[in-house]
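Hi,

Here is the structure I said I would pass on. Have a look, and my notes are underneath.

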Amino acid sequence: FTRHITFLKPHFCSFHMLVSYSFSSASDLNKTRNLSTVGSALLILLWLLVGIGMVSRGRRLSKKDIRGSAFGPPSDKITVPMAFLQNTLEQVVALLVTLGCFWIVWPQFVMTFACAAAALFSIGRICFYAGYPKGAGARAFGMALTALPTIFGFILAVVGLFLNWPG
């Protein structure tokens, strides 16, 4: 798992753009906003790919699991990675749809939101995975940190929808 985290370090560049940037025109701002938001979305999606990789690697290295889930229950070696993957899939879909809605109704704030969401999501996934073998209480903080951007973004997107509604 540590190898996966080390691989993610370069992808935090979108968060850096939030901290230090300068614009010479509105088109530069829009381009930076769009690229930063896409970079944040890709970082969020990367967590899904990490989960897929963890399960795939576990299956390849296990004689019991190599045939696939259709042929029997998973071994103890891949149960936690499979649970991590399932939960990550659910969280990624919810956050990326929320991010898209947020982008439409609050374009002026999307870069800040997307960068913060990607950072919270990433920290949340690390804490969730680290706490998973220890039970629900140990993974609760990671789950909350992962879900926080989706909940907050969803509420703000609904508010933005009503504030921008024509008429």
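Below is what I found on the fold, the core and the cavity.

First, the ground rules: this is a predicted model, where local features need pLDDT of at least 70, side-chain atom pairs count only at pLDDT 80 or more, and totals for chains, interfaces and linings use all residues. Residues are numbered from 1 along each chain as its sequence is written, and side-chain values use heavy atoms, with hydrogens and water left out.

The protein chain has 6 helices and 0 strands (DSSP runs: H or I of at least four residues for helices, E of at least two for strands). Of its 167 residues, 36% are buried (under 20% relative accessible area, 1.4 Å probe, protein chains only). Among contacts (heavy atoms within 4.5 Å) with a separation of 6 or more, 73% link residues 24 or more positions apart.

The largest nonpolar core (buried Ala, Val, Leu, Ile, Met, Phe, Trp, Tyr and Cys joined through side-chain atoms within 4.5 Å) holds 24 residues, and I44, F84, L99 and F121 have the most contacts inside it. Two or more residues of this core come from each of α3 (26-60), α4 (76-105) and α5 (110-131). Leaving out residues up to four places away in sequence, L99 touches T37, A41, V110, F113 and A114.

The residues lining the largest cavity (grid points, 1 Å apart, where a 1.4 Å probe fits but cannot get out; lining means an atom within 4 Å of a point) include R59, K64, D65 and F71.

Cheers

Note on methods: 1 Å grid on protein atoms, 1.4 Å probe; cavity = no way out; pocket = protein on both sides within 12 Å on 5 of 7 lines; lining within 4 Å. Buried < 20%, exposed > 50% of the residue type's maximum accessible area, 1.4 Å probe, protein only.
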